[in-house]
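Visitor: Could you walk me through a few local features of this model, with the criteria behind each term?

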Amino acid sequence: MEDHEWTGSLSHAGDIMASSRSHNNINSSSSTNINGLSLTLGPLQANNMASASMRTLQHYGMDATGSTPGNSSPLKANSERTAYNTGAIGPGKEKPVHETIEDVEITRTRRAWSFITWVLTWYLPSPFLNWCGRMKRSDVRMAWREKVAICVIIFFIWCVLLFVIIGLGLILCPKEYVWTMEDIGVHNAPNDIYVAMRGKVYDISEFVNQKHGLSSYVASKDLMLMYAGQDINASFPIAIRTACPALVPQKADPKYSMYLTAADPTTLQTFPFTHKVGVLPSSKELSNQAFYTQYVLPTMNQFKKGDVVWNYDWVNNMHKDQGKYWRIINKEIFNLDDYFATIDWPGNSESKWRFLNNHIENIFDDKGAGGTDITDVWEKIPWSQQERLANYNCMKNLFYVGKVDDRHSVRCLFTNYMLLAFACVLMAIVLVKFITALQFGTRNRPTPPSKFVICQVPCYTEDEASLTKTIDSLAGLDYDDKHKLIFIVCDGNIVGSGNDRSTPRIVLDILGVDP
């Protein structure tokens, strides 16, 4: 009996490679070595092995001697024998490469994605990836770049969504510190006092605790609490010449004694004191003709909180339904009730009281025919820039009461509407999926799927109850038993904690197998 050696290996493509020193005496028994494991083959087994080897050679276009068609050179048996793609090569021979390379046309979409990938990962040079990431092959580096590009795109999308939710709203509707008169009215406690004066909001909670007035006329805190939550314009009137120096010359009011007549006399009774120039000769501040600009405004600006705002519908109601002289110019609201009350007062027949441009009087006194927002009409008034500025500054100092409240406009609520729309779409999708999942009436049980399924069950130290439950649940799947394979892997001959048998023994007992 002659010894024979058969060497076999399995390549990555699943091919079986074989080479033999000799094919003699194939009917005799043979000693075989496979990966260091010695086996003894009988005559029939050796014959089958040799036949398999011959079939394998023929599969690769070789005959029984190892020669290819058209090539008379047989495979060399000893020092130059070659195993197909096993790395066992003869002396001086290069390792053969058996790979199929297919040239596939690169599509336009692939080119665009590659360009985007490089744009998003240009800061990671290939030498760095080769050195740091151990990525020697270009296709591996490209695959890694594509993953990074996807992460960058996800990050950008997240930033866009964050901007839409937070940033876009701040751009369309910047945060403003504004209060309505209702908001101001709730700040009327001894330690929380807000007031409004000529369109501005002031917090005088700490100011009222300081000493005010004269020794002969003390402004106590209780008296000042009467101002809490109120519009205090009536208590701090401005001389017309002080407010409109470009429209009221010195000769018309040399002593700064021209004041507007209040359209609502009851407002004067709201406050205990009126701060007019000269009302208290013993007061140095009130004797100063610039009392309002030098004392009142600098002091109050230290406690300024923001602006007064009014709802447009409310202003329009004052104009159309109440017949008041409330108008809007560039979102600023002006109330000329006191002006028209002044020029209509019987004792004010002189022309000096009509200090505003006659175009302004005609626009405001429209008998309800015009609009509340007179911005367009204001821009079309035929006057010089200097005259326009003089009239506007006069109106701003005397008649300005605040701004239009646009916090509830479409511009400011756009992001809220958008998020609401997104939420509605998501809810609609969930609702549709829920409705489609409902089954109304009786329906036949669906036909079991015809696909094949393989279920792998790894076992280690589980007990019999857990294994039985798992196997039963897989066996109950709605697949044809002929199309279902349960592959149970017992990872070692282990006896788990609390078990009286090894895990493989438990599985065999569950399956009813007696090896």
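Guide: Helices (H or I, at least four residues) and strands (E, at least two) are DSSP runs numbered from the N terminus. This is a predicted model, in which local features need pLDDT of at least 70, side-chain atom pairs count only at pLDDT 80 or more, and totals for chains, interfaces and linings use all residues. Residues are numbered from 1 along each chain as its sequence is written, and side-chain values use heavy atoms, with hydrogens and water left out.

Visitor: Which residue has its backbone nitrogen 2.7 Å from a polar atom of the side chain of Asn233?
Guide: Asn233 is found in the loop between helix H6 (221-224) and helix H7 (240-243). Beyond its neighbours within four places in sequence, Asn233 is in contact (heavy atoms within 4.5 Å) with Ala196, Met197 and Arg198. The backbone nitrogen at 2.7 Å from the Asn233 side chain belongs to Arg198.

Visitor: How far from Arg198 is the nearest side chain of opposite charge?
Guide: Arg198, in the loop between strand S7 (192-197) and strand S8 (200-203), is buried, meaning under 20% relative accessible area with a 1.4 Å probe and protein chains only. Arg198 has no salt bridge, that is, no side-chain nitrogen of Lys or Arg within 4 Å of a carboxyl oxygen of Asp or Glu. Its side chain does reach the backbone oxygen of Asn397 at 3.4 Å. The nearest side chain of opposite charge is Asp231, at 7.1 Å.

Visitor: Which residues of H16 are exposed on the side away from its buried residues?
Guide: The buried residues of helix H16 (residues 464-475) are Leu467, Ile471 and Leu474. They cover an arc of only 65 degrees around the axis (taken from the directions from the helix axis to the C-beta atoms), which puts them on the same side of H16. Exposed (over 50% relative accessible area) on the other side are Ala465 and Lys469.

Definitions and conventions:
Polar contact = N/O pair within 3.5 Å; in protein donor to acceptor, adjacent residues only side chain to side chain. Lys, Arg positive; Asp, Glu negative; His and termini not counted. Expected span 1.5 Å × (residues − 1).
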